[in-house]
Amino acid sequence: MYEPKNILITGAAGFIASHVTTRLINRYPSYKIVALDKLDYCSNFKNLQSCTSSPKFKFIKGDICSADIVNHLLIEEEIDTIMHFAAQTHVDNSFGNSMEFTYNNIYGTHVLLEACRATNCVKRFIHVSTDEVYGETDLDTEIGNHETSQLLPTNPYSATKAGAEMLVMAYHRSYGLPIITSRGNNVYGPNQYPEKLVPKFILLAMKGEKLPIHGDGSNVRSYLHCGDVAEAFDVILHKGVIGQVYNIGTQKERSVLDVAEEICKLFKLDPKGVIQFVQDRPFNDK
């Protein structure tokens, strides 16, 4: 089993990464955790508040796109492990500002990889990707896409994540960087920014407002609780095999309409009166 000493977690104040950071701090008090985050609109230092009491926790406000900062941290903090969560992640936003997604998700990843190559100190680099890189899911399958499935991204966000994966794979093969890639499903839970489906619908339902659904709501997704995802990253960190890709998902997929109806039921709302079908976004994966 791999045992890290000094871990750099990028995007640590974001939704998923903050839960992973908190889990590692609580379960492995001997690990030094360096949290790097530029505190963009969807990340919040409060998500890491419980970690601040640990003498092994350090927070750095900074951008992964800054090679100077990244190189300095790897050397100064003697980083041996990177968990790379930092990314622009909201699909809808990627249609309006796709260049920012390219800059953060591809260039930022490249900066990290190049720093690892130059310093030669990292023994494990966990690259956090998404199941969106697969494109549409076969509606007849019970388990979604396999790790060896072809990458067929259908929107600017997933294209940048697929592009970052190609760079990661190339650095593994060209320079022998110790890479592990994860591809996760939709995650929900505490501290999630309300632009995402589940918290957005819950907040709207609390106010008795309409729940807007793109298209007919037949798009299927897997939904995972953030606690389960944090546990999965714990396993990947310690037991993952270098060079492998790991899907983090469930065997249960639900349509967006199902989720909306379930939330309506929890708030005792009539789905027919609350759910509002709006124009589908371009290339909305089924």
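Helices are taken here as DSSP runs of H or I with at least four residues, numbered from the N terminus. With that in hand, helix H6 makes a good place to start in this predicted model. A nonpolar patch on the surface draws its largest share, 3 residues, from H6. The patch covers about 470 Å² and is built from Ile 202, Leu 203, Met 206, Leu 266 and Phe 267. Of these, Met 206 can be placed in helix H6.

Helix H6, which spans residues 197–206, also has a helical partner: its axis comes within 10 Å of that of helix H8, residues 256–266, and the two cross at roughly 35 degrees. The crossing of H6 past H8 is right-handed. On the H6 side, the contact is made by Leu 197, Val 198, Phe 201, Ile 202 and Ala 205, and these meet Val 256, Val 259, Ala 260 and Ile 263 of H8. Sorted by class, this contact has 9 nonpolar residues, with no polar and no charged ones. Ile 202 thus turns up twice, once in the contact with H8 and once in the surface patch.

Charged residues come to the fore elsewhere in the model. Side chains of opposite charge can pair when their charged atoms come close. The structure holds 8 salt bridges, and one of them can be followed in detail. Asp 234 pairs with Arg 27 in a salt bridge whose closest N and O atoms are 3.2 Å apart. Because Asp 234 belongs to helix H7 (residues 226–239) and Arg 27 to helix H1 (residues 15–27), the pair ties together parts that lie 207 residues apart in sequence.

Helix H1 also contains Arg 23. Beyond its neighbours within four places in sequence, Arg 23 is in contact with Ala 230, Glu 231 and Asp 234. Between Arg 23 and Cys 51 the C-alpha to C-alpha distance is 9.4 Å, with a separation of 28 residues in sequence.

Terms used:
Residues are numbered from 1 along each chain as its sequence is written. This is a predicted model: local features need pLDDT of at least 70, side-chain atom pairs count only at pLDDT 80 or more; totals for chains, interfaces and linings use all residues. Side-chain values use heavy atoms; hydrogens and water are left out. Axes are lines fitted to C-alpha atoms, for helices over the stretch in contact, and angles run from 0 to 180 degrees between N-to-C directions. A crossing is left-handed if the near helix is turned anticlockwise from the far one by less than a right angle, and right-handed if clockwise. Contact means heavy atoms within 4.5 Å. Ala, Val, Leu, Ile, Met, Phe, Trp, Tyr, Cys and Pro count as nonpolar, Asp, Glu, Lys and Arg as charged, and the others, Gly among them, as polar. Patches are made of residues with over 30% relative accessible area and no salt bridge: like charges are joined within 9 Å, nonpolar side chains (Val, Leu, Ile, Met, Phe, Trp, Tyr) within 5 Å. Accessible areas come from the Shrake-Rupley method with a 1.4 Å probe; for residues, only the protein chains shown count as cover. A salt bridge is a side-chain nitrogen of Lys or Arg within 4 Å of a carboxyl oxygen of Asp or Glu.
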